[in-house]
Amino acid sequence: MSQVFTKDFEIECPPKQRIWSEIAHRIEELGLPGIPIRMILTAVRQQKLVFECSFLETDRKPVWSSLLDIRHRQISSAKPFVAVSIVPTGVRAEIGGFAGDATPSVNLLAKACDYLVVNPNSVTASDLYYASDNVLYLEGNLICHLLLGHTTLIPETRAKIGVVIEKAEEKYLNVVFNAINSLRTVRGINIEPVIVTGGSVSTECIFSSYGHASGKFEGIDELMKALDVVTQTDTTAVALSTSLSIEKEIKTQYFNGEIMPNPWGGAEAILTHMTTNFYPFTAAHSPLCLDFSEEELNILYTLGDPRDGAELISMSFLCSTLKGLTHSPRLAKFDTPLPSGCQGFSVENVSAVVMPESTVGNIPFFASLEQNIPVILVRDNHTQYEITPSILGIDHSQRKIYYVNSYMEAAGLLLALRHGIAPEATTRPIPPIEPIFL
């Protein structure tokens with residue numbers, strides 16, 4: 001039986017050794033209880049780093065190399081000019097921590113790029129999806145594998161999307177089927193296969209001891225049986241629609257505007273990380289609502305936070321996920337020869353990574369620094385995470401880390417990097433040259 005569980009652990013790692021290959025080596029020495037599918041740095045205690053990690057205990061073999069392995073890039077190329085923008089899930093980012101509310105900022109960054117890779121929660125807004133055509137929709141685990149050097153991405157518009165739906169009463173399934181049919185008939189998306197699981201896929205949304213959204217899971221084998229059916233088709237992009245249970249009080253507090261992370265996001269991230277680690281798919285998740293009481297349905301008639309507006313006008317939460325997946329890139333292993341005329345890109349083409357300043361305790365940040373990829377940190381996108389380079393003791397003189405106040409500034413910085421303008425030349429004072437005298 002396959003099982004997902006989350007565990008905290010700590011390693012000793014002095015600031016000067018905080019690169020991903022060193023951190024990963026020390027994690028591996030602990031003896032892991034399963035295959036790591038999601039890791040978050042939750043605390044820094046002098047020489048020690050504390051991680052919260054979700055594992056899958058299974059006999060199955062992962063599709064990609066381990067998250068603890070990094071393939072260093074040998075060259076860098078800005079053609080095409082590719083950037084990655086990440087808004088971590090479940091940390092209540094002021095921009096992008098709600099319902100697709102980072103879309104305007106994402107589209108602005110995309111204007112400075114040939115391709116901008118983003119994680120789904122940045123632009124997924126229940127039934128609404130307005131990301132630009134050059135925005136590539138890629139969930140967080142696959143972004144990690146991109147920056148670790150494991151994957152090649154092939155941009156294309158997907159012709160076919162699959163859907164896996166948790167077994168439920170007919171009335172709940174009909175809500176999902178209606179959403180699927182609306183995109184088939186109005187948008188013309190080819191959606192198949194559509195699979196209903198044989199049993200429940202039970203997910204309880206919780207908050208970890210560090211305040212991050214997380215989850216407890218049962219029925220993972222039922223989900224995998226459905227995904228196994230998808231592997232027998234030519235579909236390689238899959239939407240998951242499964243139920244996420246949460247305490248009524250927490251749900252009410254969230255929609256009433258209490259300051260807290262989106263309670264569903266962490267569990268959804270773990271489910272898609274599991275999927276993309278073990279199947280050659282791009283994937284995204286939408287909640288299947290099975291537990292709305294009459295009282296809770298009244299939430300739909302209240303005026304909520306503008307950033308949650310999209311959540312309050314939907315029952316299926318699925319349409320934006322399906323539209324986003326049509327813009328998810330095709331995946332290949334980094335060393336797979338591509339057909340003539342097929343354009344792909346890998347970590348060698350990533351010219352910058354953008355994320356909130358306080359969310360750097362993740363694989364993309366550590367991998368980017370080790371790959372010598374410039375990291376642009378946005379100060380005004382506040383979160384409840386609070387792990388910064390300064391807290392990590394990162395030596396800024398040896399790293400390409402840029403700080404900006406807003407996504408508007410980040411877009412300007414991307415333009416400078418794209419066109420070969422040294423960012424340092426646009427600020428004052430200009431640092432003096434340091435000649436090397438032989």
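In the predicted model, strand β4 (residues 82-85) pairs with strand β15 (residues 350-356) in the parallel sense, and four bridges join the two. Within this pairing, Ala 83 of β4 is placed opposite Ala 352 in β15. Both strands belong to an open sheet of six strands, arranged in the order β6-β5-β4-β15-β16-β17 with parallel pairing. The edges of the sheet are occupied by β6 (135-137) and β17 (401-404); each has a single partner strand, so one side of each lacks a neighbour in the sheet. On average, neighbouring strands of the sheet are turned by 25 degrees against each other, direction ignored.

Helix α2 (residues 103-110) lies across four strands of this sheet, namely β4, β5 (115-118), β6 and β15. Relative to β5, the helix runs at about 150 degrees, an orientation that counts as roughly antiparallel because the angle is over 145 degrees. Helix α2 is mostly covered, with six of its eight residues buried. The buried positions are Thr 103, Ser 105, Val 106, Asn 107, Leu 109 and Ala 110. The elements that cover these residues include the strands β4, β5, β6 and β15, together with helix α12 (407-418).

A further contact was examined between two helices. Two packed helices are described by the angle between their axes and by the distance between those axes. For helix α3 (residues 140-147) and helix α10 (residues 363-370), the angle is about 15 degrees and the axes are 9 Å apart. The two helices are therefore roughly parallel to each other, given that angles under 35 degrees are classed in this way. The crossing of α3 and α10 is left-handed. On the α3 side, the contact is made by Ile 143, Cys 144 and Leu 147, which meet Ile 363, Pro 364, Ala 367 and Ser 368 in α10. By class, the contact of α3 with α10 comprises six nonpolar residues, one polar residue and no charged residues.

Antiparallel pairing is found between strand β10 (residues 202-207) and strand β11 (residues 213-218), which are joined over six bridges. Ser 202 has Glu 218 in β11 as its bridge partner. The hairpin formed by β10 and β11 has five residues between the strands, and in this hairpin Gly 211 adopts a positive phi near 90 degrees.

Notes. Residues are numbered from 1 along each chain as its sequence is written. This is a predicted model: local features need pLDDT of at least 70, side-chain atom pairs count only at pLDDT 80 or more; totals for chains, interfaces and linings use all residues. Side-chain values use heavy atoms; hydrogens and water are left out. Two strands pair if DSSP finds at least two bridges between them. Axes are lines fitted to C-alpha atoms, for helices over the stretch in contact, and angles run from 0 to 180 degrees between N-to-C directions. Contact means heavy atoms within 4.5 Å. Angles under 35 degrees count as roughly parallel, over 145 as roughly antiparallel, 65 to 115 as roughly perpendicular and the rest as oblique. A crossing is left-handed if the near helix is turned anticlockwise from the far one by less than a right angle, and right-handed if clockwise. Ala, Val, Leu, Ile, Met, Phe, Trp, Tyr, Cys and Pro count as nonpolar, Asp, Glu, Lys and Arg as charged, and the others, Gly among them, as polar. Buried means under 20% relative accessible area, exposed over 50%, partly exposed in between (1.4 Å probe, protein chains only).
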